[in-house]
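Colleague: I'm new to this one. Could you walk me through how to read it?

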Amino acid sequence: MLWQLYARSSNMAALPPDAMGWTVEDVKQWAVEQVGIDAEDADKLVRQKIDGRALHTLTEAKLERWGIPGGPAGLLMEAIEGLGGGGGSSSVAAEPELSSKRARL
């Protein structure tokens with residue numbers, strides 16, 4: 001089990017530190033090795049050409065529409081939020097707060 005953790009961390013070291021700069025293949029690697037979804041579901045991200053920038057625009061509904069089941073879709077969304085830079089659900093939640101701040105100005 002310890003070797004699996006080492007293998008994951010050593011593979012992840014090859015990824016650029018800023019997820020926004022990830023390629024489609026980097027996203028696939030991250031989804032399989034770090035998030036833990038199967039390669040079949042990760043290939044659906046590849047078919048949609050999801051790179052690091054596009055990763056942060058995803059929503060769970062979009063993932064499910066592409067055929068990624070609810071469990072892996074939820075794991076992806078949680079992991080995306082952990083990367084920072086937003087994700088479909090967190091960026092939407094931030095908009096009303098921003099609008100109310102503008103209204104006070």
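Modeller: Let's go through the overall layout, then a few helices, then some single residues.

Modeller: Keep in mind that this is a predicted model.

Colleague: How many helices and strands does the chain have?

Modeller: Start by listing the elements in order. Here there are seven helices and zero strands, so the pattern along the sequence is simply α-α-α-α-α-α-α. Of the 105 residues, 29% count as buried. Among contacts with a separation of 6 or more, 49% join residues 24 or more positions apart.

Colleague: Which residues have the most contacts inside the largest nonpolar core?

Modeller: That core has 20 residues, and the ones with the most contacts inside it are W30, L45, L55, L58, L63 and L76. The elements giving two or more residues to this core are α2 (24-35), α3, α4 (52-55) and α6 (70-83).

Colleague: Let's take α2. What span should its 12 residues have?

Modeller: The idea is to multiply the rise per residue along the helix, then compare with the ends. At 1.5 Å a residue, α2 should span 16 Å, and its end C-alpha atoms are 15 Å apart, which agrees.

Colleague: Which residues of α2 are buried?

Modeller: They are D26, V27, W30, A31 and V35. Now look down the axis: these buried residues fall within an arc of 135°, so they line one face of α2. Just after the helix comes G36, with a positive phi of about 95°.

Colleague: And how do I read the way α2 and α6 are arranged? At what angle do their axes cross?

Modeller: Check the approach and the crossing angle together. The axes of α2 and α6 come within 11 Å and cross at roughly 105°. Angles of 65 to 115 degrees count as roughly perpendicular, and therefore that is how α2 and α6 are described. In the side-by-side view, look for W30, A31 and V35 of α2 meeting L75, L76, A79, I80 and L83 of α6.

Colleague: Does α3 get the same treatment? Which of its residues are buried?

Modeller: In α3, the buried ones are D41, A42, K44 and L45. Seen down the axis of α3, they fall within an arc of 145°, so they line one face. E40 and R47, on the other side of α3, are exposed. The buried residues pack against α2, α5 (60-65) and α6.

Colleague: D41 caught my eye. Is it buried or exposed?

Modeller: Compare the relative accessible area with the cut-off: buried means under 20%. D41 has 5%, so it is buried. This residue sits in helix α3 (residues 39-47). Setting aside neighbours within four places in sequence, D41 is in contact with G67, I68, P69 and P72.

Colleague: What about E40, buried or exposed?

Modeller: Exposed is over 50%, and E40 has a relative accessible area of 56%, so it is exposed. E40 and I68 are 28 residues apart in sequence, yet their C-alpha atoms are 9.0 Å apart in space.

Colleague: Last one: what is the phi of K49?

Modeller: As a general idea, most residues other than glycine have a negative phi. K49 has a positive phi of about 60° although it is not a glycine. To find K49, go to the loop between α3 and α4. With 65% relative accessibility, K49 counts as exposed.

Key. Residues are numbered from 1 along each chain as its sequence is written. This is a predicted model: local features need pLDDT of at least 70, side-chain atom pairs count only at pLDDT 80 or more; totals for chains, interfaces and linings use all residues. Side-chain values use heavy atoms; hydrogens and water are left out. Helices (H or I, at least four residues) and strands (E, at least two) are DSSP runs, numbered from the N terminus. Buried means under 20% relative accessible area, exposed over 50%, partly exposed in between (1.4 Å probe, protein chains only). Contact means heavy atoms within 4.5 Å. A nonpolar core is a set of buried Ala, Val, Leu, Ile, Met, Phe, Trp, Tyr and Cys residues joined through side-chain atoms within 4.5 Å. The expected span of a helix is 1.5 Å times one less than its number of residues. The arc is that of the directions from the helix axis to the C-beta atoms. Axes are lines fitted to C-alpha atoms, for helices over the stretch in contact, and angles run from 0 to 180 degrees between N-to-C directions. Angles under 35 degrees count as roughly parallel, over 145 as roughly antiparallel, 65 to 115 as roughly perpendicular and the rest as oblique.
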